[in-house]
Amino acid sequence: MSQERITTLLNENRSYLPPEHGKTSAWVCGAEEYDALCRRALEDPSDFWGARASQLVHWFKRWDKVLEADEVNHKYKWFTGGKLNASFNCIDRHLISGRRNKAALIWQGEKETDVRCYTYQMLYTEVCRVAHALSSLRIRKGDHVALYMPMIPELFIAMLACARIGAIHTAIFSGYAEGGVRSRIQGCKARVVITADAAVRGGKFKPLKANLDPILEKCPSVAHVVVVKHAGLENVHMQRNRDIWWHDLIDDFTLNPDFPCEPMDSNDTLFLLHTSGSTGKPTGVMHSTGGYLTYAAHTTQWCFDMRDDDVYWCTADAGWITGHTYGVYGPLSLGATTLMFEGIPTWPYPDRYWRIVENFRVNILYTAPTVIRSLMRMNEAWTERYDLRSLRILGSVGEPINPEAWQWYHKHIGSGELPIVDTWWQTETGGAMIAPMPYATKLKPGSASKPLPGIDATVMGSAARDGEEPEAGCKAGHLVIRRPWPGMMQGVFNDEEKYQSYFSRFGCYASGDAAEIDQDGYFWILGRIDDSINVSGHRLSTAEIEAVLATCPEVGEAAVVPMPHALKGEGIYAYVVTRDEVPWSADLRAKLRDAVRRDIGALATPEYIQFVDGMPKTTSGKIIRRMLRKIAGDSYEDIGDTTSLAEPEVIPKIISGHRNLVAGRHETENAPEGGDNSNAE
């Protein structure tokens with residue numbers, strides 16, 4: 001596929017100027033100020049980042065040097081010599097700044113009546129009690145604590161308590177099954193695991209403590225398990241001398257809850273978090289205290305124009321980096337009110353998000369494109385029932401948002417007025433890298449816009465090596481970051497070779513994503529580098545084919561992967577989720593093929609189009625395409641660990657449908673409604 005064709009498809013003609021209202025009080029109030037900040041940050045990065053660290057973070061001891069760089073080994077230490085504590089920055093300093101009685105955390109459970117609110121004073125008390133409790137279990141600075149928990153306040157409290165005493169927390173998504181949980185606990189040699197009796201999802205209980213017990217038989221490092229009584233399950237097995245109820249443990253520290261913060265070196269590890277792993281093997285990413293916290297606060301403030309009276313809702317689970325940076329550390333370090341929700345957007349009805357926005361007068365909503373697309377499939381009447389006028393800024397995270405979903409979000413949730421902050425970043429980067437400034441950047445639907453001030457991003461072509469510039473005229477290629485930034489990972493836990501692999505190809509940080517830069521300097525994320533298909537020697541972008549399929553009104557979501565082909569080398573296999581009440585039919589399949597043939601060319605026509613009820617996704621909204629590639633290639637036995645999926649049950653349905661499709665059986669080509677569609681294409 002030619003560069004010109006990719007540009008024609010992905011560079012949207014539609015654009016939107018930032019709103020005028022709110023500009024005068026914005027942190028970055030216009031294009032000229034944005035450009036000036038970018039110039040300053042690149043001309044004198046030490047001055048720029050030093051100023052931001054001074055403005056946003058409380059230091060027990062100021063740093064000696066902003067950045068110490070070992071370019072040969074790609075090791076970067078930020079704010080060396082500085083002393084601070086992340087828990088102090090997220091709680092204690094707000095007690096003396098007039099926010100003591102301000103709401104810090106609002107939790108909405110799956111039941112409408114399950115609501116808890118913590119002021120900063122209340123959060124301080126709870127975090128100190130848990131810090132005391134962990135200390136009583138002999139947890140000290142540098143020890144690892146695993147958090148296998150649902151989205152309940154105790155999860156945020158445990159994270160901040162670990163930070164308070166200098167322990168390294170490892171959050172484990174509660175949707176993982178045995179393999180995913182065991183590998184993470186074993187990998188970090190956790191001494192304590194904090195969990196709950198069960199998680200609540202879609203009106204059902206998922207036992208966590210019962211799942212954990214057989215796992216711990218192979219985790220000898222674990223001395224204690226602390227269990228939150230959340231779902232009220234009966235007959236929870238508690239092993240003597242190892243298992244302790246959360247409420248029993250912290251009740252001993254009610255009278256004098258104060259617990260002093262451990263002064264941490266700026267480059268001490270704050271947390272360890274595993275990526276989902278595009279190759280199937282999780283990567284243990286380590287983040288520092290000083291650099292990470294500075295970058296979390298910096299990007300939260302500027303990307304979302306965070307104000308003191310904002311109610312902010314990041315919908316991501318805290319088992320993922322988005323929940324860490326923009327659910328906990330970013331908003332709380334700025335003294336904001338952060339909202340936490342245990343539930344899903346479509347249960348019991350697809351109005352749940354909008355009901356929460358109205359109930360708590362949410363000002364900033366940060367969610368995933370997959371959520372937006374799933375709600376697009378429902379009738380817009382679900383949004384029209386609620387007063388969403390409190391919203392000021394909308395955000396998108398997790399994967400590139402297609403222009404159609406962007407437009408729906410903008411029109412039906414933002415009333416055609418609100419800026420959409422579409423962010424590109426990764427677990428390894430710690431925070432947003434490419435994103436618009438809500439009151440400074442012209443928006444193009446589907447584009448993550450431009451790099452933030454201080455981020456030196458570009459694309460390099462396939463022939464570039466060791467930091468060379470892209471080939472002449474190259475606008476699309478590998479997305480790389482040429483200079484260090486405070487939020488970047490410290491390393492990969494116990495895997496130096498993996499860490500170096502991020503830098504080995506170009507001599508700077510290679511994201512593994514493909515991107516295009518248009519004539520205005522806007523970045524268009526094309527997906528993972530390996531999300532491309534070589535058909536008869538022609539390399540096609542899967543994102544391009546998906547974008548064409550997504551323009552069809554019958555399509556709610558599409559994913560395209562390569563499949564083995566005897567003549568072409570690789571063929572194109574498409575998975576399609578239709579909108580509600582749209583029949584699965586041969587006619588629709590033909591229409592979709594014609595759309596791709598018409599918009600891109602015959603070479604891009606899918607060999608197969610399989611209709612599915614849903615995609616294999618993490619709860620952060622990321623489609624696990626390697627699993628779809630395995631199924632398309634008939635590699636059912638090598639599909640990998642499915643424990644990271646939000647809904648593992650979609651996999652056998654997709655496999656069954658694939659077998660029917662390639663066998664030429666089309667008996668169940670009716671609408672998804674009614675009957676078992678596990679064999680439908």
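Here are some worked exercises on a predicted model of a single chain.

**Exercise 1: overall dimensions**

Work out which radius of gyration a compact globule of 681 residues would have, and how the chain compares.

Solution.
- Start with the rule of thumb: 2.2 Å times the number of residues to the power 0.38.
- For 681 residues that puts a compact globule near 26 Å.
- Now take the chain itself, which comes out at 24 Å, so the two agree.
- For a second look at the extent, the C-alpha atoms fill a box of roughly 70 × 60 × 50 Å along the principal axes.

**Exercise 2: inside, outside and charges**

Find what share of the residues counts as buried, then look at the exposed surface and the charges.

Solution.
- Burial first: 62% of the 681 residues count as buried.
- The chain exposes about 25700 Å², and carbon and sulfur atoms supply 49% of that area.
- For the charges, take the mean position of the 73 positive ones and that of the 86 negative ones; the two points are 2 Å apart.
- Sequence separation rounds this off: among contacts with a separation of 6 or more, 72% are between residues 24 or more positions apart.
- As for secondary structure, the chain has 20 helices and 30 strands.

**Exercise 3: a strand covered on both faces**

Take strand β6 (residues 144–149) and decide whether its faces are covered or open.

Solution.
- Count the residues: 6 of the 6 in β6 are buried.
- Next, split them by face. In a regular strand the side chains alternate between the two faces of the sheet.
- One side of β6 holds His144, Ala146 and Tyr148, and the other holds Val145, Leu147 and Met149.
- Every one of these residues is buried, so both faces of β6 are covered.
- Then find the pairing: β6 runs parallel to strand β7 (residues 168–173), and 6 bridges join them.
- To place one pair in the structure, go from Tyr148 to its bridge partner in β7, Ile172.

**Exercise 4: a strand with two partners**

Trace the pairing of strand β11 (residues 224–228) with β8 and β12.

Solution.
- Check the cover: 4 of the 5 residues of β11 are buried.
- Strand β8 (residues 192–196) pairs with β11 in the parallel sense over 5 bridges, and Ala196 has Val228 of β11 as its bridge partner.
- Strand β12 (residues 243–245) also pairs with β11 in the parallel sense, here over 3 bridges. Val226 has Ile244 of β12 as its bridge partner.

**Exercise 5: backbone oddities**

Check the backbone angles at Pro348, Arg138 and Arg361, and say where each residue sits.

Solution.
- Pro348: the peptide bond from Trp347 is cis, with omega near 0 degrees. Pro348 is in the loop between β17 (337–341) and α12 (352–360).
- Arg138: phi is near 70 degrees, a positive value in a residue other than glycine. Arg138 belongs to the loop between α5 (120–136) and β6, and counts as exposed because its relative accessible area of 62% is over 50%.
- Arg361: phi is positive again, about 50 degrees, although this is not a glycine. The loop here goes from α12 to β18 (364–367). At 34% relative accessibility, Arg361 counts as partly exposed.

**Exercise 6: three residues to classify**

Decide whether Gly187, Ser532 and Pro436 are buried, partly exposed or exposed, and look at what surrounds them.

Solution.
- Gly187 is found in helix α7 (residues 178–188). With a relative accessible area of 28%, Gly187 is partly exposed. Leaving aside neighbours within four places in sequence, Gly187 is in contact with Phe493 and Asn494.
- Ser532 is found in strand β26 (residues 532–535). Its relative accessibility is 14%, and buried means under 20%, so Ser532 counts as buried. Val561 is 29 residues away in sequence and 7.6 Å away in space, C-alpha to C-alpha.
- Pro436 lies in the loop between β20 (420–422) and β21 (457–460). At 1% relative accessibility, Pro436 counts as buried. Beyond neighbours within four places in sequence, Pro436 has contacts including Cys303, Ile420, Thr441 and Ala448. Lys622 is 186 residues from Pro436 in sequence and 21 Å from Pro436 in space, C-alpha to C-alpha.

Notes. Residues are numbered from 1 along each chain as its sequence is written. This is a predicted model: local features need pLDDT of at least 70, side-chain atom pairs count only at pLDDT 80 or more; totals for chains, interfaces and linings use all residues. Side-chain values use heavy atoms; hydrogens and water are left out. Helices (H or I, at least four residues) and strands (E, at least two) are DSSP runs, numbered from the N terminus. Buried means under 20% relative accessible area, exposed over 50%, partly exposed in between (1.4 Å probe, protein chains only). Contact means heavy atoms within 4.5 Å. Accessible areas come from the Shrake-Rupley method with a 1.4 Å probe; for residues, only the protein chains shown count as cover. Lys and Arg count as positive and Asp and Glu as negative; His and the chain ends are not counted. The place of a charge is taken as NZ of Lys, CZ of Arg, CG of Asp or CD of Glu. Two strands pair if DSSP finds at least two bridges between them.
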